[in-house]
Amino acid sequence: MDLLGYGAFFLTTALIFSLVTLGLNLQWGLTGLFNVGLAGFVAIGAYTSALLTTPDDVARLGGFDLPIVVGWLGAMAVGGIAAALTGMATLRLRSDYLAITTFGVAVVVQLVALNAQRLTGGPFGIGFIPRPFGSLAETPLLFNLSNLAVVCAVTLIAYLALEHLSRSPWGRVLKALREDERAAISLGKSARFYRVQAFAVGGAIMALAGALQAHFTGFIAPDNYLPILTFQVWVMLIVGGSGSNLGAVIGSILVWAIWAGSGTLTSVLFPPEQQARAAALQIAAIGVMLCVILLIRPNGLFGDRPRRPWFGKRAKAAAAKSNSQS
Amino acid sequence: MSLQFIVDGLLTGSMIGLGAIGVTLTYSILRFSNFAHGDFMAWGTYATLAVVSAIGAMVGKVAPIGPLSFGWPLIVALVIGMAFTALLALLLDKVLFARLRSQGQAIIVVMASFGASMALRSLLEFTFTSRPTYFSRAIQIAMPVGFGIRITPDQITLLLLTAVLVLGVHLLMTRTQTGRSMQALSQNAALARIVGIDVASVVRVTWIIGGALACVAGVMIGILVQIRPFMGFDMLLPMFAAAILGGIGSIPGAVLGGLIIGLAEAGAVQLIGAEWRAAVSFIILMAVLFVRPIGLFGVRER
């Protein structure tokens with residue numbers, strides 16, 4: 001019984017991760033946009049939804065006590081707008097600038113979460129976030145299973161929608177831009193406009209995942225959204241294979257299983273005073289794993305095709321090379 | 001508003017600027033933004049700290065030089081630390097970056113540097129724990145120099161050291177054959193190869209300069225603030241902002257960008273509060289990207 005409950009809890013967390021990974025796959029896998037600040041977008045979603053749905057609190061702004069669904073929609077809207085603004089600022093420039101800017105977004109969101117106490121509750125975070133099945137909390141198993149059902153449903157909807165999008169004319173434009181930017185532009189497609197759209201939709205999905213997580217645990221704090229989160233999701237996408245939605249989901253579950261498993265193992269093997277060091281070693285091991293996968297199997301488990309750069313001199317060189325070969 | 005922020009800003013700016021030189025060189029010559037650069041800083045600092053402790057264990061307590069807080073062991077250790085950091089950068093390039101670069105996927109290299117950064121930082125945390133340490137716990141008396149500004153002997157020394165290093169790197173880049181090869185490679189890689197520039201050696205020099213200066217910047221932070229595994233990672237955003245503000249590839253630009261960001265941070269600390277300090281570099285970065293994305297001394301991409 002306990003095992004079933006833990007299984008449900010584990011899968012819920014893993015599926016929330018896979019939702020973030022799906023968002024990242026739209027940005028990176030499908031469009032080639034590099035986001036190293038996705039923890040910031042997840043945090044934006046979590047805090048937006050928490051502000052909209054918690055009961056009134058005198059210590060900070062709002063607590064508007066709105067229905068949970070409104071919170072989720074609000075999270076998607078704010079996350080999408082934040083991503084669109086980031087994209088508009090940087091997507092006309094070299095792709096590295098997007099990476100640096102998203103990194104900055106995550107830093108600033110972390111600062112706001114820590115310091116803007118009137119908005120975010122500061123380091124102590126926000127509690128009493130309503131849970132979808134709060135009334136079932138007395139029977140943990142039923143509670144966990146119903147949460148899992150909700151998260152499953154949302155992930156499935158997102159998955160199907162993204163699969164549909166990537167096959168739609170819109171998705172084909174994104175792929176065309178990624179594979180050969182000049183050819184796509186010559187067909188009259190605005191590269192920047194489509195990329196901003198993809199980045200915004202990806203950001204909205206990440207924010208939704210953040211909101212789901214917030215309502216699932218009922219409590220959020222700035223510590224949940226450190227760079228390690230960004231890093232975990234990247235590993236999940238690379239292991240699963242960027243470009244494949246199925247790979248994103250399976251990679252998330254796999255990496256989360258490794259992560260949670262090695263976490264349990266270190267807590268059994270190491271004495272309490274060494275736990276922090278063991279956790280650091282765990283992160284180092286995953287970092288090495290990411291580099292090794294990039295070196296030996298850059299397409300992951302489910303990635304299908306070789307990727308080509310879409311910017312700068314190297315892209316031109318690569319294009320010239322493939323032209324001369326054909 | 002007290003003018004003390006000028007000294008604080010110049011010092012922070014020196015640390016950022018020295019780091020940004022490495023960032024701007026890797027960006028312009030190897031064409032990727034190296035997210036592991038901050039962790040070179042931290043590794044260099046811990047290496048220097050380890051050598052200082054080793055010397056301390058061998059020869060016993062050494063009296064500090066004049067009014068400074070440190071003695072000759074730190075200077076020796078700094079040189080060894082610089083060499084170590086340069087070697088670390090070369091090693092990381094050999095096992096990771098060079099292989100990915102040869103596949104021609106620039107953005108994959110960025111991602112690998114992100115993974116390497118996590119691994120390097122966590123290894124430090126594993127070895128030294130996340131507890132902050134210091135080179136010296138002695139408190140220095142700051143001397144008043146007029147206009148309400150106070151400065152410690154350590155601070156004066158480190159500012160001078162920064163000036164000497166920056167001048168040295170600038171002369172190396174403009175007056176020597178190696179430096180000119182580096183500039184050529186950053187301006188037009190294909191043409192540089194055609195005229196017979198040894199790309200591998202230029203890449204090596206780039207990593208050596210970047211690593212060694214990162215170590216100096218880290219040790220400065222260690223002397224003036226504290227040593228933590230996260231010390232370099234926290235400098236990453238200011239360093240990138242400084243490199244972009246100064247114009248990618250420009251060494252004077254990186255230093256000037258660092259000083260501007262350092263002064264802006266110190267000013268913000270006084271006006272708004274220390275907790276918002278990290279937002280300053282982001283605001284400056286966004287302003288540069290919107291108004292003049294090539295930076296102060298940058299050249300347009302060809």
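These entries record what I looked up in a predicted model of two chains, A and B.

**Entry 1. Confidence**

I began with the scores for the whole model, which are ipTM 0.86 and pTM 0.87. For chain A I noted a mean pLDDT of 83, with 92% of its residues at 70 or more. For chain B the mean pLDDT is 87, and 98% of its residues reach 70 or more.

I then looked at single elements. In chain A, helix α2 (residues 38–53) has the highest mean pLDDT, 92, and helix α13 (residues 312–325) has the lowest, 49. In chain B the highest mean belongs to α9(B), at 93, and the lowest to strand β1 (residues 143–144), at 76.

Which stretches of chain A stay under 50 in pLDDT? I found residues 306–313 of chain A, for which the model has 20 contacts beyond four places in sequence. I also found residues 322–326 of chain A, for which the model has zero such contacts.

**Entry 2. Annotated transmembrane regions**

I consulted the UniProt record for each chain. For chain A, an unreviewed entry lists "transmembrane region" at residues 6–26, 33–52, 64–85, 97–116, 141–162, 198–221, 233–259 and 279–296. For chain B, the feature is likewise taken from an unreviewed entry, which places "transmembrane region" at residues 6–28, 40–59, 71–92, 104–124, 156–173, 208–227, 239–264 and 276–299.

I checked some of these spans against the model. Residues 6–26 of chain A are 100% helix and 0% strand, and their end C-alpha atoms lie 30 Å apart. Residues 141–162 of chain A are also 100% helix and 0% strand, with 31 Å between the end C-alpha atoms. In chain B, residues 6–28 are 100% helix and 0% strand, with end C-alpha atoms 30 Å apart. Residues 40–59 of chain B are 100% helix and 0% strand as well, and there the end C-alpha atoms are 28 Å apart.

**Entry 3. Where the chains meet**

I next examined the interface, where 37 residues of chain B are in contact with 38 residues of chain A. Which elements of chain B give two or more residues to this side? I noted α3 (72–102), α4 (106–128), α9 (236–246) and α11 (277–291) of chain B. Of these, α4(B) gives the most, with 15 residues. Sorted by class, the side of chain B that touches chain A has 27 nonpolar, seven polar and three charged residues.

**Entry 4. A helix pair in chain B**

Two packed helices are described by the angle between their axes and the distance between the axes. I looked up both values for helix α1 (residues 4–30) and helix α5 (residues 153–175) of chain B: the axes come within 10 Å and cross at roughly 35°. The crossing of α1(B) past α5(B) is left-handed.

I listed the residues that make the contact. From α1(B) they are V7(B), L10(B), L11(B), S14(B), L18(B) and I21(B), and from α5(B) they are Q155(B), L158(B), L159(B), T162(B), L165(B) and V169(B). By class, I recorded nine nonpolar, three polar and no charged residues in this contact.

**Entry 5. Positive phi values**

Most residues other than glycine have a negative phi. I noted F128(A), whose phi is near 55° and therefore positive in a residue other than glycine. F128(A) sits in the loop between α5 (117–120) and α6 (140–167) of chain A. I also noted R31(B), with a positive phi near 60°. R31(B) belongs to the loop between α1 and α2 of chain B.

Which of the words buried, partly exposed and exposed fits each residue? F128(A) is partly exposed, because 13 other C-beta atoms lie within 10 Å. R31(B) is buried, because it has 20 other C-beta atoms within 10 Å, and 20 or more is the cut-off for that class.

**Entry 6. Two further residues**

I looked up K175(A), found in helix α7 (residues 169–179) of chain A. It counts as partly exposed because it has 17 C-beta neighbours inside 10 Å. K175(A) and T31(A) are 144 residues apart along the chain, yet their C-alpha atoms are separated by 6.4 Å.

Last, I turned to V59(B), in helix α2 (residues 37–59) of chain B. Why does V59(B) count as exposed? It has 10 C-beta neighbours inside 10 Å, and a residue with 12 or fewer is classed as exposed. V59(B) and I75(B) are 16 residues apart in sequence, and their C-alpha atoms are 15 Å apart in space.

Key:
Residues are numbered from 1 along each chain as its sequence is written. Chains are lettered from A and ligands numbered from 1 in the order in which they are written. This is a predicted model: local features need pLDDT of at least 70, side-chain atom pairs count only at pLDDT 80 or more; totals for chains, interfaces and linings use all residues. UniProt positions are given in the numbering used here, feature names are shortened, and annotations may be inferred rather than shown by experiment. Helices (H or I, at least four residues) and strands (E, at least two) are DSSP runs, numbered from the N terminus. Two residues are in contact if their C-beta atoms, placed from the backbone, lie within 7 Å. Ala, Val, Leu, Ile, Met, Phe, Trp, Tyr, Cys and Pro count as nonpolar, Asp, Glu, Lys and Arg as charged, and the others, Gly among them, as polar. pLDDT is the predictor's confidence in each residue, from 0 to 100. Axes are lines fitted to C-alpha atoms, for helices over the stretch in contact, and angles run from 0 to 180 degrees between N-to-C directions. A crossing is left-handed if the near helix is turned anticlockwise from the far one by less than a right angle, and right-handed if clockwise.
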